[in-house]
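These are my notes from a first look at this structure. I wanted to know what surrounds the ligand and where the ligand is placed.

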Amino acid sequence: MTPTILLLNGPNLNLLGSRQPEIYGSTTLADIGADCVRHGRTLGLAVDFRQSNHEGELVDWIQGARGTAAGIIINPAAYSHTSIAILDALLAVELPVIEVHLSNIHQREEYRRHSYVSQAARGVICGFASHGYILALDAMKRLVAPACPPPDSEEA
Ligand code: CA2
C-alpha cells in the first residue's frame, strides 16, 4: 500500500505568491502542493496537502493522522514560535515529523529563531524556499519506506 504523508501548512501561507515575494517567493501554495503531489508520486508516496489559518484545525488534523498517515511534514508558519498545542499533538501522534520553513528563520527577527515544533521534529529544513518541501519529502521517504522502491522502478 502507498504510504500517505500528511503535509500541513499554517496561517497565512494561503497568501503565498500574492504578497511579500522578496521574503517568501512568487510561487503560490497551490503550485507547491501540485509539485509535492507530483514528487511524492515519483517516491511512491501519496501526499495529502492542506493549509489552515486555525490552530485547532491543525491539531485535529495531526490527531487524525494516527492510523492514516505514515509521517507528517509541517510548515507551522507563525505557530512554530507560539504553539505548545501543536507541539503536544505532534509528540502524541508518534509519527515521524519534518518541519519546513520557506525562509531561513535563523537569519530573521529574534522571535522567529525559536520553534516549539522543532522539539517534535526528526529534522528541520529552512531557507530553501519552496524546494524545502521537496527536500522534506526526500527525507521522509527514507524515514517511512527506506527499502520500498517507487511504483515505476524496475524492482517494483
Ligand atoms: O519561512 C516560513 O516558512 C515561515 O514559516 C513563514 C511564516 C513565518 O511566520 C515564519 O516565521 C516562517 C509566515 C507565513 C506567512 O506567509 C505569507 C506569505 C505571503 C504574504 C504574507 C505572509
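Entry 1. I began with the surroundings of the ligand, bearing in mind that the model is predicted, and I found that 17 residues surround the ligand, the closest being Asn75, His81, Leu102, Ser103 and Arg112. When I sorted this shell by class, I counted nine nonpolar, six polar and two charged residues.

Entry 2. Next I asked myself which atoms lie at polar-contact distance from oxygen atoms of the ligand, taking 3.5 Å as the cut-off for a pair of N or O atoms. For His81, I noted that a polar side-chain atom lies 2.7 Å from an oxygen atom of the ligand. For His101, an N or O atom of the side chain is 2.9 Å from an oxygen atom of the ligand. Leu102 enters my list through its backbone, where an N or O atom lies 2.7 Å from an oxygen atom of the ligand. I then looked up the computed areas, and the ligand taken alone exposes 510 Å², of which the protein buries 94%.

Entry 3. Where does the ligand sit? I looked this up against the pockets and found that the ligand sits in the largest pocket, which holds about 370 Å³ of space. I noted that 18 residues line this largest pocket, and that Pro11, Asn12, Leu13, Tyr24 and Ala77 are the closest to its centre. By class, I recorded nine nonpolar, six polar and three charged residues in the lining of the largest pocket.

Note on methods. Residues are numbered from 1 along each chain as its sequence is written. This is a predicted model: local features need pLDDT of at least 70, side-chain atom pairs count only at pLDDT 80 or more; totals for chains, interfaces and linings use all residues. Side-chain values use heavy atoms; hydrogens and water are left out. On a 1 Å grid over the protein atoms alone, a cavity is a set of points where a 1.4 Å probe fits but cannot get out, and a pocket is an open set with protein on both sides within 12 Å along at least five of seven lines; lining residues have an atom within 4 Å of a point. Grid points are joined across faces, edges and corners, and a volume is the space filled by probe spheres set on the points. Ala, Val, Leu, Ile, Met, Phe, Trp, Tyr, Cys and Pro count as nonpolar, Asp, Glu, Lys and Arg as charged, and the others, Gly among them, as polar. A residue is near a molecule or strand if one of its heavy atoms lies within 4 Å of it. A polar contact is a pair of N or O atoms within 3.5 Å; within protein, one must be able to donate a hydrogen and the other to accept it, and residues adjacent in sequence count only if both atoms are side-chain atoms. Accessible areas come from the Shrake-Rupley method with a 1.4 Å probe; for residues, only the protein chains shown count as cover. A molecule sits in a cavity or pocket if more than half of its atoms lie within 2 Å of its grid points.
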